[in-house]
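Reader: I should be grateful for a close look at the charged side-chain pairs of this protein, and at how they stand beside its nonpolar interior.

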Amino acid sequence: LKLCLFEKCRRSCSMYSLFFLLCAVLGETPLKVRLVEEKLWFWQTSCFGDLDVSAHLKSTQLGLRDAIKFRIEVHHSCRSCKSLPPGMRISIEDSRRPEHRYFIEKSADLTDGLQCHRAVSVNIELHTRGSSNVGDLPIKLNVSLVTAEGKFQAQWGTASIDFPFHAYKNVFASQREHNFLMLGFPGVGKSTFIMSAISALSQTPQQLPNLFSAAEGGHVTKVINRFPLSSWLDNSDVKITLWDAWGLSTFNQNLTVALSRGQIPHGYAMQTFEQDGVQNSVRIEGAQPMDVVLFFVKAGDLKVPMQLKQLKKHMSYVQELGIAVSLVVTWLHTVYAEDLLLQTEAKLNIPVVPFTGGCVPDCIESPPKSVSSVQAKDHNPSVTKHALVVLAKAKHLSDTSMMIAESKTIRRPAIQWFSGMKDKTLEIATRFSDMLEATPWFSDVKDQTLEIVTRFSTMLEATPW
């Protein structure tokens, strides 16, 4: 039944939904798998297409240091090659170069091989190398056949698995609310970031409702869109709300300050977007100050001195309120950006993170610096990872700012002294004076030191203990 559902019926929407439901009942999540044909020497026979690989995630609530569990199922059709002999192994590893890999490679034995028109299922658990950074997660995992000695069998091809970022939604859980405001001109990539972030933490890509429809009967063109992630993810612990100020064609100090304080300016409407797609026109009573303000800017604008100067000025307005800021750079494919981000970070002295652009040099071989596609419906893993890195950076800034604020407001209790401490301290000071008297010093140094000790003793006498 499982083979029928997966092999023959998965292209049917209703049957695939049934298959997805069956996996959910079994406590597993099917993952997107794509077969990749490897280059072969002219004397090698290609077996590409003979093996059909499916991958299922057995872990759903993960931390960054947790092991991740998969069930890999392989079906052999024997269209070009014969059955697999005993001793072969199914290997799964991070798709990047060894020095960048987040997980330790793991393989499982096919003790009895794999006969034609048969399927085999193995459970594999990948352990991390100890990193705890969202940016270190891979984009893809590769499943391949290897010999008992570990030699890669290229003729069978490789199964590429999109990394299940949604299993790490608990990384963004917290006990308090986080409000992140996104500022930037239309077309800079704010809405794309929202779609990518929500889809990244969902099992299936999410398509947001029309963000550009105006509230209040279509008469308002300036809208504050509010996206509570807890609603979209069905996880009340992810207490992050994204605020998107849409319709901004210019900035001024009053507008920047008002939005950062969570105040809805005159002429703006409020819309709350939830998972069911309902747009709730809301007028928030009372301000909700932002924890972090994310300034979105196209990479090309960073090379214009006047644009950079204006950007720095508006960031200073927010920083003066005690609110953390970060710069999100988009459209990196339009400029040569090898050192642009580092240079901008040095000039502005704030965190700068990329979101879109071309891979530099390759998103699969090394940790990505930028991405090529921003279509949330495609669930591009590169976009997914970048959205999560931006979100993680914002949450880190929010947590850090809160810790600093709390440390400044905590009243330290007065030290409880006991009566004998004063006498003990005076005794030590007297003994120190006697020691100085008996020590051969330069006359001026000795006199200065004795003067300091005398003043210290006098201060002790006058201090209420």
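**Salt bridges and the nonpolar core**

Author: Arginine 176 is partly exposed, with a relative accessible area of 22%. In this predicted model, arginine 176 pairs with aspartate 399 in a salt bridge whose closest N and O atoms are 4.0 Å apart. Arginine 176 belongs to the loop between strand 9 (158-162) and strand 10 (178-183), whereas aspartate 399 belongs to helix 8, so the pair ties together parts that are 223 residues apart in sequence. Aspartate 399 is itself partly exposed, at 27% relative accessibility.

Aspartate 399 also meets the side chain of lysine 395 in a salt bridge, at 3.1 Å from N to O. Here both partners lie in helix 8, and because they are four residues apart, about one helical turn separates them. Lysine 395 has a relative accessible area of 11% and is buried; the cut-off for that term is under 20%.

A further pair joins two strands. Lysine 69 forms a salt bridge with glutamate 125, with 3.9 Å between the closest N and O atoms. Strand 4 (residues 68-76) holds lysine 69 and strand 7 (residues 119-126) holds glutamate 125, so this bridge ties together parts that are 56 residues apart in sequence. Lysine 69 is partly exposed, with a relative accessible area of 39%, and glutamate 125 is partly exposed as well, at 27%.

Elsewhere, salt bridges link Glu28, Lys58, Arg71 and Glu73 in a network. The count for the model comes to twelve salt bridges. In general terms, side chains of opposite charge can pair when their charged atoms come close.

The nonpolar interior may now be set beside these pairs. The largest nonpolar core has 70 residues, and Ile72, Phe193 and Leu242 are those with the most contacts inside it. Helix 8 (residues 381-409) gives the most to this core, with seven residues. Domain 1 (33-163) and domain 2 (169-267 + 284-360 + 376-407) each supply at least three residues to this core. Helix 8 thus enters the account twice: it contributes to the core, and it holds both lysine 395 and aspartate 399.

Phenylalanine 193 shows the core in more detail. Leaving aside residues up to four places away in sequence, phenylalanine 193 touches Met182, Leu242, Phe296, Phe355, Ala387, Val390 and Leu391. Another core, of 32 residues, lies apart from the largest one, and Leu183, Ile323, Leu327 and Val329 are among its members.

Terms used: Residues numbered from 1 in each chain as written. Predicted model: local features only at pLDDT ≥ 70, side-chain atom pairs only at ≥ 80, totals over all residues. Heavy atoms only, no water. Core = buried A, V, L, I, M, F, W, Y, C linked by side-chain atoms within 4.5 Å. Buried < 20%, exposed > 50% of the residue type's maximum accessible area, 1.4 Å probe, protein only. Domains from an automatic or database assignment. Contact = heavy atoms within 4.5 Å.
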